[in-house]
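User: I'd like a close look at one part of this protein, please. Take me through how its strands are arranged, and then zoom in on a residue at the edge.

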Amino acid sequence: MKLGRTAAIIGVVAAMCLTTAQASGAAGAGTASAAAAVCARPPRTANDQASAGAAAVHRYLYSLTCGTAPADGVISGQNVGHGSQAADTTGLLGYPRLIDRLAQQAGHYTGMAGLDYEHDQIFTPRQLSLANQVLAGHAGRGGLVTVNFSPQSPWLNDESDIAGNPGVWTNTRTDDGQLDGVRLADLLDQNTPAGRVWQRKLARVADALTQLRDAGVVVLWRPMQEMNGFWFWWGTTLQKDGATVYVQLWRSMFQYFTQVRHLDNLLWVYSPATYPADPGQQSAQNIRSAAWAYPGDAYVDIVAGTSYDDNLSIPNYLDYLRIPKVVGEAEYGPGLSGAHVTAGSFDDRRYATRLRQDYPAVAYWVSWHDYTLSATETAHLSLIANQNAANLLSDPYVINADRVAIPSGPSPSPSASPSRTPSPSPSPSAGAAGCAAGYQTTGGRPGQFQGQVTVRNTGRAAINGWTVSWTFPGGATVTQVWNGDASASSGSRVVVGNASYNGTLAAGGSTTFGFIANGSGSGNTPGGVACTPS
């Protein structure tokens with residue numbers, strides 16, 4: 001649940017939880033004994049090239065869902081905010097307040113830490129790097145990491161200056177006519193303005209995820225959640241006739257991240273909102289079932305819904321079990337209105353009791369962060385802001401960072417890819433400012449091809465800008481560039497400078513830009529690609 005969800009939405013979700021909580025209570029042991037469909041098959045990641053680390057984490061989560069883990073239980077989790085807010089030391093958000101302080105009280109770090117790469121604002125690469133430092137620190141304690149992606153609307157911000165115009169959280173919503181005239185399918189077409197913004201957005205996020213990959217951090221990647229509800233721009237409001245475009249967006253992102261960017265450290269989390277069981281009510285409330293936008297077994301590793309209810313009911317639990325994937329709860333906590341949330345009086349010990357008794361297939365849950373409701377009221381959703389958090393983390397059923405037990409042993413190994421590590425241009429002498437550029441062709445069709453260039457800071461100090469250049473030997477010409485400025489190019493001579501948001505690279509840091517060119521990719525591989533820092 002995000003800051004600013006309208007009262008109408010809260011009312012709809014609360015009503016659904018109320019009616020289904022009664023059914024859940026009646027089901028009792030029957031619910032607890034239901035088997036997850038995923039347990040009928042061996043564990044396998046959606047990405048066949050998943051890293052050994054990602055495959056091992058997946059096997060562990062699978063064992064928790066299926067009850068075959070050496071130590072049964074559920075992994076505790078806490079969301080700490082958005083982007084660089086994760087490092088905040090004051091206010092309601094931040095790892096120091098929501099996890100560090102809890103660890104000081106309980107003697108344990110939560111088993112999972114999470115944040116969102118966008119939502120509240122469009123974060124710069126430097127800000128995302130700061131967020132990654134927080135996540136890598138948690139992984140270093142033995143914990144797991146999850147990253148949400150709640151993108152702001154590409155129609156409301158062209159991202160030409162995200163430092164000066166980072167947007168606002170309402171740009172993720174559907175209020176105030178923000179979707180008038182919008183075609184969701186435009187995001188799949190890079191010849192449209194929105195499609196170009198979307199590609200820049202994905203490239204920037206992929207750059208951040210690459211940092212975590214290179215640091216050996218496995219990420220439970222949760223993009224565009226609650227797609228079956230009407231409140232986000234990627235949800236049901238623009239897809240009244242079906243979720244075909246959402247599925248295409250998911251699959252396109254999956255292909256770009258796994259096959260082009262080689263992000264083999266990701267486990268893909270499909271995260272629907274709570275929905276009514278009755279199809280008629282689903283239609284009336286414009287909130288669809290979990291299956292409505294499901295991208296397919298080949299594109300998902302985990303199904304982890306969202307549920308907020310004072311009884312901690314998971315109304316759609318049995319539906320989740322029918323999807324042959326690991327089960328989690330990506331957002332889980334007390335109801336979003338009422339005394340518990342404003343007073344911070346919820347008894348955290350109930351998480352362990354409820355999950356152990358009624359939802360044993362849930363491998364992990366993530367409690368949400370606190371946020372401001374008004375000038376005088378705060379929504380207290382975090383563990384630390386409620387009661388008996390230390391007792392919860394001491395419950396033997398709760399798996400914290402010090403008890404996360406990733407298995408060793410054989411796992412699928414990623415196949416070597418000749419384009420995984422671009423061939424760098426000559427590096428400068430040690431200690432000097434310098435950069436290297438690696439070129440690769442990523443696809444094509446008759447008369448046109450697409451490529452990607454990775455720019456890496458090879459010096460020992462940060463650089464504030466870069467320019468990459470090459471000449472196409474076969475006479476190709478660039479027609480489109482994203483994440484860079486190609487205005488200095490002429491004919492087959494290509495000169496690309498950094499964009500406003502990706503020029504600064506820390507020592508060892510990297511970024512990418514992409515392009516489309518006319519001609520044949522096979523006959524236009526440049527003999528050398530130069531990179532000059534500025």
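Analyst: Happy to! Two strands count as paired here if DSSP finds at least two bridges between them. Please keep in mind that this is a predicted model.

With that in hand, let's start with the sheet as a whole. It is an open sheet built from 4 strands, and reading across it gives the order S17-S18-S15-S20 with antiparallel pairing. At its edges are S17 and S20 (530-533), each of which has a pairing partner on one side only. In general, the strands of a sheet are held in such pairs by backbone hydrogen bonds, in either a parallel or an antiparallel arrangement.

Next, step inside the sheet. Strand S15, residues 466-471, runs antiparallel to strand S18, residues 493-498, and 5 bridges join the two. For a landmark to find on your screen, look for Trp470, which stands opposite Val494 of S18.

Now for the edge. Strand S17 covers residues 484-485, and Gly484 belongs to this strand. Which residues does Gly484 touch once its neighbours within four places in sequence are set aside? The contacts are Val496, Gly497, Asn498, Ala499 and Phe513. One of these, Val496, is worth a second look: Gly484 and Val496 are 12 residues apart along the chain, while 6.0 Å separates their C-alpha atoms. Val496 also falls within the 493-498 stretch of S18, and S18 comes right after S17 in the order of the sheet.

Methods. Residues are numbered from 1 along each chain as its sequence is written. This is a predicted model: local features need pLDDT of at least 70, side-chain atom pairs count only at pLDDT 80 or more; totals for chains, interfaces and linings use all residues. Side-chain values use heavy atoms; hydrogens and water are left out. Contact means heavy atoms within 4.5 Å.
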